[in-house]
Amino acid sequence: MQTPDKQRPDTITMPQMDIEITALRVPVALGVHDFERAARQDVTVDLVITLKAVPANDSIGETAHYDEVAAAVQQTADLKHYDLIETLALAIAERVHAFPDVARVTAIVHKTPRTVAAERLSARISLQG
């Protein structure tokens with residue numbers, strides 16, 4: 001009988017490292033209504049980033065640098081006017097997924113609605129591979 005602290009090598013899984021950035025405030029030109037087009041509005045972005053490998057050393061070069069990711073999100077938001085939070089979420093996910101250490105990304109964009117009685121509207125997308 002095998003003891004709990006002795007595992008067979010074929011049952012050990014490779015660790016996975018996720019980085020989460022939550023409630024990143026991003027000003028963006030967004031919306032289909034005239035009043036939305038009149039001024040930029042703040043959205044919040046949540047990101048879950050799965051790294052291709054767990055950093056072996058305590059080095060920023062082995063991970064997705066938070067400052068660079070946040071800057072890339074803002075640069076993506078600044079590219080154009082987005083009608084939909086769905087297309088903004090896709091653009092952000094594609095940009096973050098392009099970082100060399102990123103295996104998977106989930107991007108969620110939250111917007112405070114002005115036309116529906118809801119606390120917030122959100123769009124979520126995941127890219128992998």
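Lys111 is buried in this predicted model, because its relative accessible area is 10%, under the 20% cut-off. Lys111 has a charged partner: Glu36 forms a salt bridge with it, and the closest N and O atoms are 2.6 Å apart. And how exposed is Glu36? Glu36 counts as buried too, since its relative accessibility is 6%. Glu36 sits in helix H1 (residues 34-37) and Lys111 in strand S3, so this pair ties together parts that lie 75 residues apart in sequence.

So much for one pair; how many salt bridges are there by the rule used here? The count comes to three. Here they are side by side:

| Salt bridge | Closest N to O distance |
|---|---|
| Glu36 and Lys111 | 2.6 Å |
| Asp83 and Arg37 | 2.6 Å |
| Asp78 and Arg40 | 2.7 Å |

Let's look at the other two pairs. Asp83 is in the loop between H2 and H3, while Arg37 is in helix H1, so their bridge links parts 46 residues apart in sequence. Asp83 is partly exposed at 37% relative accessibility, and Arg37 is partly exposed at 44%. As for Asp78 and Arg40, their side chains meet in a salt bridge. Asp78 belongs to helix H2 and Arg40 to the loop between H1 and S2, so this pair joins parts 38 residues apart in sequence. Asp78 is partly exposed, with a relative accessible area of 44%, and Arg40 is partly exposed as well, with 43%.

Some of these names come back at the largest pocket, which has a volume of about 170 Å³. It is lined by 14 residues, and the closest to its centre are Val32, Glu36, Asp83, Lys111 and Leu121. Sorted by class, the lining has six nonpolar, three polar and five charged residues.

Now for the greasy part. The largest nonpolar core has 30 residues, and Val45, Leu47, Ile49 and Ile92 have the most contacts inside it. Strands S1, S2 (41-51) and S3 (102-111) and helices H2 (66-78) and H3 (85-97) each supply at least two residues of this core. Which element gives the most? That's H3, with seven residues. Take Ile49 as an example: leaving aside neighbours within four places in sequence, Ile49 is in contact with residues including Met17, Ile19, Val69, Val96 and Val105.

One last oddity is Ala23, which lies in strand S1 (residues 18-28). Ala23 has a positive phi of about 60 degrees, although it is not a glycine. Ala23 counts as partly exposed, at 43% relative accessibility.

Conventions:
Residues numbered from 1 in each chain as written. Predicted model: local features only at pLDDT ≥ 70, side-chain atom pairs only at ≥ 80, totals over all residues. Heavy atoms only, no water. Helix = DSSP H or I, 4+ residues; strand = E, 2+ residues; numbered from the N terminus. Buried < 20%, exposed > 50% of the residue type's maximum accessible area, 1.4 Å probe, protein only. Core = buried A, V, L, I, M, F, W, Y, C linked by side-chain atoms within 4.5 Å. Contact = heavy atoms within 4.5 Å. 1 Å grid on protein atoms, 1.4 Å probe; cavity = no way out; pocket = protein on both sides within 12 Å on 5 of 7 lines; lining within 4 Å. Points joined across faces, edges and corners; volume = space filled by probe spheres on them. Nonpolar A, V, L, I, M, F, W, Y, C, P; charged D, E, K, R; others polar. Salt bridge = Lys/Arg side-chain N within 4 Å of Asp/Glu carboxyl O.
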